[in-house]
Amino acid sequence: MILIIGAGLSGLVTAYRLKQAGIPFKILEARTRIGGRINTVKGSSGIPVEMGATWFNESHRNLIHLLNELELHAFEQYMEGTVFYQPNATGSVQEIELPAQAPSYRIDGGSSHLIHVLFSKLDPEDVLLNQNVTHISFEENEVKVVANDTFIGTQVVLALPPKLWAKNISFEPKLPQDLLATSQETHTWMEDSIKVALTYKNPFWQEAKQAGTLFSNGGPMTEVYDHSNRERSTFALCGFMSTSFKALSAEERQLAVVRQLQNTFGTKATDFLEYHECIWSQEPYTFATNETLLFPHQNNGNAIFRKIYFDGRLILSSAESAAEFAGYMDGAVAAGNLTAEKILKASAI
Ligand SMILES: Cc1cc2nc3c(=O)[nH]c(=O)nc-3n(C[C@H](O)[C@H](O)[C@H](O)COP(=O)(O)OP(=O)(O)OC[C@H]3O[C@@H](n4cnc5c(N)ncnc54)[C@H](O)[C@@H]3O)c2cc1C
């Protein structure tokens, strides 16, 4: 029995590959939902918006291959029309035309659609929610994993960011000191970002020949994009808020965002259906504090995560472990695939 810790994209990809090969596993997930850093929310208006991962590009071949395999579709990020740009906090917002650039893509139906399709390929009883893993011990012929319940397996996969397991899970025997130190200094991609979305009945920006894009050095929103669905039948604006606004109350943040959008796009921006936000640094199963300042992607893709530990009974996975595009969905898929390959190889011996 393989024990996979984490039902994010990397853990689900590993599970999907093991299921295809007929190898038994259980996924232990701390949250009450699957998907981890992928979370498409719908609210009462039913309009899907991404609180987590959203975009990919043509170089993300592992992700594209998986989408094709699962017969999922993607569509280009809407960028038709002028964009707004605020060069500094006190300056006014300018309406400009961007030069042509390589497109980025979104997953049709939302990023969580990929998560739910992967889950649909598994037996639901193999994915256990509410299992916050706190201790892992490697015993003579087995691995013991302690969460809300205790599980015994043959191999364990850490499909969660290295900083999280290094800080929140104790290991017996102890992990090598260099691995532990590197993991504690491995940035978890986007762990400290704030995502905000507002849904609308009408795409007023599109009607005004605007892309729905804002790049602002003033804030609160630093980037805003059109977030309508592929069919362009549901409409939203979505983007990133400066992390300095997390000290405000939810009401104050919402007021500041609406005021900024009104100043940028006009009064129609105030006529939204729903406001959504996610402060990822308040998510204990994504964010962990640092002892030292980490720069974005620090130690992501470090080869130490692809070494063999405890005779191959411990496998380090997650997007941050990938050799290429570490931290991104593509890295998560690559890590999930590589982890399954390692398990299949070991089972063939
Ligand atoms: C706001 C935001 C925007 C992003 N935008 C993009 C984007 O546009 N494009 C892109 O490619 N990538 C983006 N990313 C990154 C992308 O989300 C990740 O690369 C990918 O989802 C990581 O998958 P993972 O399985 O490696 O890790 P995670 O999704 O972090 O999954 C780990 C899982 O482990 C669980 N877990 C944690 N601790 C424990 C424990 N102790 N016991 C049991 N379970 C535990 C977690 O709940 C989680 O479900 C974004 C991320 C965020 C947060």
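## A ligand and a three-stranded sheet

The ligand sits in the largest pocket. Two helices, α1 (9-21) and α8 (329-348), are the elements that give two or more residues to the shell around the ligand. Keep in mind that this is a predicted model.

The shell holds 37 residues. Those that come nearest to the ligand are Ser-10, Glu-29, Trp-55, Ala-319 and Gly-327. What classes make up the shell around the ligand? It has 22 nonpolar, twelve polar and three charged residues.

Now look at some polar contacts. Each row pairs a protein N or O atom with an oxygen atom of the ligand.

| Residue | Part of the residue | Distance to a ligand oxygen |
|---|---|---|
| Leu-9 | backbone N or O atom | 3.1 Å |
| Ser-10 | side-chain N or O atom | 2.8 Å |
| Tyr-328 | backbone N or O atom | 3.2 Å |

How much of the ligand's accessible area does the protein cover? On its own, the ligand has 1,000 Å² of accessible area, and the protein covers 98% of that.

Next comes the sheet. Strands of a sheet pair through backbone hydrogen bonds, either parallel or antiparallel. Here, three strands form an open sheet, and the pairing is antiparallel. Their order is β5-β9-β6. Which strands lie at the edges? They are β5 (55-56) and β6 (74-76), and each pairs on one side only.

Follow β5 across to its partner. Two bridges join β5 to β9, which spans residues 105-107. Within this antiparallel pair, Phe-56 stands opposite Tyr-105 of β9.

Definitions and conventions
Residues numbered from 1 in each chain as written. Predicted model: local features only at pLDDT ≥ 70, side-chain atom pairs only at ≥ 80, totals over all residues. Heavy atoms only, no water. Pairing = 2+ DSSP bridges. Helix = DSSP H or I, 4+ residues; strand = E, 2+ residues; numbered from the N terminus. Near = heavy atom within 4 Å. Polar contact = N/O pair within 3.5 Å; in protein donor to acceptor, adjacent residues only side chain to side chain. Areas by Shrake-Rupley, 256 points an atom, 1.4 Å probe, with all protein chains shown as cover. 1 Å grid on protein atoms, 1.4 Å probe; cavity = no way out; pocket = protein on both sides within 12 Å on 5 of 7 lines; lining within 4 Å. Sits in = over half its atoms within 2 Å of the grid points. Nonpolar A, V, L, I, M, F, W, Y, C, P; charged D, E, K, R; others polar.
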